[in-house]
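Q: I'm new to this one and would like to learn how to read it. Can we go through it feature by feature?

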Amino acid sequence: MSNYDEQVQKIVSLKRYETPRDGYFEDFLEEFQQRQRGELLQKSSTSLFLERVGTWFREVGSIKWVAGAGVAYAAVMVAILMWPAGPGTVPDSNRAPASFEGGQSPVVPVPTEEAEDAPEIKF
Amino acid sequence: MSTEPPAESVPKVDPDRELVRRAQAGETQAFDELVVKFSPRLYGMVYHMTSNKEDTHDLLQDIFAKAYRSLKRFRGKSSFYTWIYSIATNMTLNFLKKRKRRVAWSLDDVDSGIQNDEAMVDIGHAANPRHQSDVNELQKKLNEAMQTLSEDHRAVVTMFDIQGIPHADISKILKVSEGTVRSRLFYAHKQLQGHLEEFIR
């Protein structure tokens with residue numbers, strides 16, 4: 001190390017005595033805490049909810065993901081199978097034709113008592 | 001080439017591990033303790049890089065906020081000290097690049113430092129007995145000389161000469177080889193010599 005190099009190092013090292021005013025770091029911490037609290041309050045409830053969901057999934061791990069997906073799939077399948085068939089969903093060959101002959105008026109089926117008890121109404 | 005300064009050497013076992021673990025578990029008080037512990041050192045690093053107190057204050061707030069947000073991802077592969085210094089250095093270097101593009105920025109914005117600080121005056125006298133009346137001038141020149149260095153060179157000078165961080169730790173913080181750290185230091189000193197010639201006898 002040359003003498004000049006040493007001198008430079010010595011002069012530059014004087015800068016370590018440049019410190020902020022007394023009490024600066026106490027104020028700094030207080031401002032930091034206020035800022036953190038402010039950021040937390042600014043977060044919308046949606047982002048907080050998403051964060052919590054994300055954290056929960058991270059915590060439970062991938063096995064629970066698979067199990068959760070399986071349960072969801074089973075629930076959807078059960079819903080599809082149990083769903084009652086609505087009108088027009090099944091092709092009906094006994095339906096009345098769209099047009100009729102000889103000025104006959106179409107017969108409108110009147111529901112009978114038995115029909116009322118039936119689970120499905122067919123026209 | 002420069003020798004190791006009387007450095008605050010970094011122990012092998014991270015002394016902040018327990019605080020970090022508690023902070024990661026959501027204990028805000030533990031993170032506050034880390035802020036208390038590291039803010040003076042990081043303040044020094046950022047201030048000597050920016051030479052501006054307001055910029056240093058804002059940047060330091062951002063650095064701790066970023067560290068707080070990223071803390072969950074800290075796995076302890078390096079010490080917390082190295083980790084937070086890396087965040088601080090990267091953010092400061094990015095800030096300086098942006099500031100350079102700011103039209104209004106000039107050396108007039110450089111703080112003159114703590115000109116009446118007794119320790120600085122005493123040390124200044126001890127270092128340069130022939131120039132006892134020039135402490136203020138020395139500080140001004142010193143800050144200006146620092147600003148003439150490139151950001152990368154200023155970073156190593158700040159960490160090594162001012163903060164006393166060993167070469168090995170600087171290389172980890174900056175993610176460059178120790179050889180690069182030494183080389184940057186060598187060229188930075190050469191450049192500073194030119195600016196501080198009148199104070200070197």
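A: Sure. Let's begin with burial: a residue is buried if 20 or more other C-beta atoms lie within 10 Å of its own, and exposed if 12 or fewer do. Keep in mind that this is a predicted model.

Q: With that cut-off, is B:Leu192 buried or exposed?

A: Count its neighbours: B:Leu192 has 26 C-beta neighbours inside 10 Å, so it counts as buried. You'll find B:Leu192 in helix 9 of chain B. Setting aside neighbours within four places in sequence, B:Leu192 is in contact with A:Val8, A:Val12 and B:Ala145. The C-alpha atoms of B:Leu192 and B:Leu149 are separated by 8.0 Å, while the two residues sit 43 residues apart along the chain.

Q: What are the elements of each chain?

A: Just go along the sequence and list them. Chain A has four helices and zero strands, giving the pattern α-α-α-α. Chain B has nine helices and zero strands.

Q: And how much of each chain is buried?

A: In chain A, 7% of the 123 residues count as buried. For chain B, the figure is 36% of 201 residues. Chain B also has contacts that reach along the sequence: of those with a separation of 6 or more, 71% are between residues 24 or more positions apart.

Q: How far can I trust the coordinates of chain A, going by pLDDT?

A: The general idea first: where pLDDT is low, the predicted coordinates should not be read in detail. Chain A has a mean pLDDT of 72, with 58% of its residues at 70 or more. Among its elements, helix 2 (residues 24-42) of chain A has the highest mean, 87, and helix 4 (residues 113-117) of chain A the lowest, 46. Over residues 110-118 of chain A, pLDDT stays under 50, and the model has three contacts beyond four places in sequence for that stretch.

Q: How do I read a single helix? Which residues of helix 3 of chain B are buried?

A: Look at the span, then at which side is covered. Helix 3 (residues 53-70) of chain B has 18 residues and reaches 25 Å from its first C-alpha to its last, close to the 26 Å expected at 1.5 Å a residue. Its buried residues are B:Asp55, B:Thr56, B:Leu59, B:Leu60, B:Ile63, B:Phe64 and B:Ala67. Seen down the axis of helix 3 of chain B, these fall within an arc of 155°, so they line one face. The face turned away from that buried side carries the exposed residues B:Glu54 and B:Arg69.

Q: What do the buried residues of helix 3 of chain B pack against?

A: Partners from both chains. They pack against helix 2 of chain A, together with helix 2 (28-50) and helix 4 (80-101) of chain B.

Q: Can we try the same reading on another helix?

A: Let's take helix 6 (residues 135-148) of chain B. Its 14 residues should span 20 Å at 1.5 Å a residue, and its end C-alpha atoms are 20 Å apart, which agrees. The buried residues of helix 6 of chain B are B:Val135, B:Leu138, B:Gln139, B:Leu142, B:Ala145 and B:Met146. They cover an arc of only 135° around the axis, which puts them on the same side of the helix.

Chain A has a case too. In helix 1 (residues 3-12) of chain A, the buried residues are A:Val8, A:Gln9, A:Ile11 and A:Val12. Viewed down the axis of helix 1 of chain A, they fall within an arc of 165°, so they line one face of the helix.

Q: Which residues of the largest nonpolar core touch the most other members?

A: Of its 50 residues, those are A:Val12, B:Leu42, B:Val46, B:Ile84, B:Val156 and B:Ile170. Helix 2 of chain B gives the largest share of this core, ten residues. The core also draws at least three residues from each of domain 1 (10-103) and domain 2 (116-201) of chain B. As for B:Leu42, it touches B:Leu60, B:Ile63 and B:Ala88, not counting residues up to four places away in sequence.

Q: One last feature: what should I know about phi?

A: Most residues other than glycine have a negative phi. B:Ser51 has a positive phi of about 55° although it is not a glycine. B:Ser51 is placed in the loop between helix 2 and helix 3 of chain B, and it counts as buried, with 22 C-beta neighbours inside 10 Å. B:Lys175 also has a positive phi, near 55°. Its place is in the loop between helix 8 (167-174) and helix 9 (178-195) of chain B. B:Lys175 has 10 C-beta neighbours inside 10 Å, so it counts as exposed.

Methods
Residues are numbered from 1 along each chain as its sequence is written. Chains are lettered from A and ligands numbered from 1 in the order in which they are written. This is a predicted model: local features need pLDDT of at least 70, side-chain atom pairs count only at pLDDT 80 or more; totals for chains, interfaces and linings use all residues. pLDDT is the predictor's confidence in each residue, from 0 to 100. Helices (H or I, at least four residues) and strands (E, at least two) are DSSP runs, numbered from the N terminus. Two residues are in contact if their C-beta atoms, placed from the backbone, lie within 7 Å. The expected span of a helix is 1.5 Å times one less than its number of residues. The arc is that of the directions from the helix axis to the C-beta atoms. A nonpolar core is a set of buried Ala, Val, Leu, Ile, Met, Phe, Trp, Tyr and Cys residues joined through C-beta atoms within 7 Å. Domain bounds come from an automatic or database domain assignment.
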